[in-house]
Amino acid sequence: MSSFKVGRMGEDIKRELTAIFRELKDPRIAEFITVVRVDLSNDLSHCKVYVSCFEGIEKARESVEGLTSASGFIKRELFHRLPMRKCPELKFIADDSIARSAEINEKLREL
């Protein structure tokens, strides 16, 4: 499949996942969770979703547990919102890029 279509579908999945995360009511999922990056396989069967949280990496890991348990609901909602033949398998991965970028920003301010 062309990389343009895969990239476009990845951006669509990222946008819709952000909207779906706001609707989830699991207490393990942080309120300020952010989808950092979405890696979609070329055959659209697997999707790695990197999520980050403002409260830190531990809260992001806890949110990943909640997202993993709600993955069936998330896949169903994603399938209904986007025009695709089959919904990819979602794998959620905790990422600390927000905290790391804040540290870099602070170090640059000190200089």
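**Reading a predicted fold together**

Biologist: Where is the place of Leu108?

Modeller: Leu108 belongs to helix H4, which covers residues 97-110. Do keep in mind that this is a predicted model.

Biologist: What makes Leu108 count as buried or exposed?

Modeller: The relative accessibility of Leu108 is 56%. A residue is called exposed over 50%, so Leu108 counts as exposed.

Biologist: And which residues form the nonpolar patch on the surface?

Modeller: That patch is made of Ile104, Leu108 and Leu111, and together they have about 380 Å² of accessible area.

Biologist: Let's turn to the loop. Why does Ser45 count as buried or exposed?

Modeller: Here the value is 11% relative accessibility. Buried means under 20%, so Ser45 counts as buried. Ser45 lies in the loop between S1 and S2, and, leaving aside neighbours within four places in sequence, Ser45 is in contact with Lys86, Pro88 and Glu89.

Biologist: What is notable about the phi of Leu44 in that hairpin?

Modeller: Leu44 takes a positive phi near 60 degrees, and the hairpin has five residues between its strands.

Biologist: How do you know that S1 and S2 are paired, and in which sense do they run?

Modeller: Pairing needs at least two bridges, and seven join strand S1 (residues 33-40) to S2, so the two count as paired; they run antiparallel. Val38 stands opposite Val49 in S2.

Biologist: What about S2 and S3: in which sense do they pair, and over how many bridges?

Modeller: Strand S3 (residues 89-94) pairs with S2 in the parallel sense, over six bridges. Across this pairing, Tyr50 stands opposite Ile93 in S3.

Biologist: Why is strand S2 said to be largely enclosed by the rest of the structure?

Modeller: S2 spans residues 46-53, and six of these eight residues are buried, so the strand is largely enclosed by the rest of the structure.

Biologist: Which residues have the most contacts inside the largest nonpolar core?

Modeller: They are Ile13, Phe21, Leu67, Ile74 and Leu78, in a core of 26 residues. At least two residues of this core come from each of helix H1 (3-23), S1, S2, helix H2 (57-69), helix H3 (71-81) and S3. H1 gives the most, with six residues.

Biologist: Which residues does Leu78 touch?

Modeller: Not counting residues up to four places away in sequence, Leu78 touches Ile13, Glu16, Leu17, Ile20, Met84, Cys87 and Leu90.

Note on methods
Residues numbered from 1 in each chain as written. Predicted model: local features only at pLDDT ≥ 70, side-chain atom pairs only at ≥ 80, totals over all residues. Heavy atoms only, no water. Buried < 20%, exposed > 50% of the residue type's maximum accessible area, 1.4 Å probe, protein only. Helix = DSSP H or I, 4+ residues; strand = E, 2+ residues; numbered from the N terminus. Patch = residues over 30% accessible without salt bridge, like charges linked within 9 Å, V, L, I, M, F, W, Y side chains within 5 Å. Areas by Shrake-Rupley, 256 points an atom, 1.4 Å probe, with all protein chains shown as cover. Salt bridge = Lys/Arg side-chain N within 4 Å of Asp/Glu carboxyl O. Core = buried A, V, L, I, M, F, W, Y, C linked by side-chain atoms within 4.5 Å. Contact = heavy atoms within 4.5 Å.
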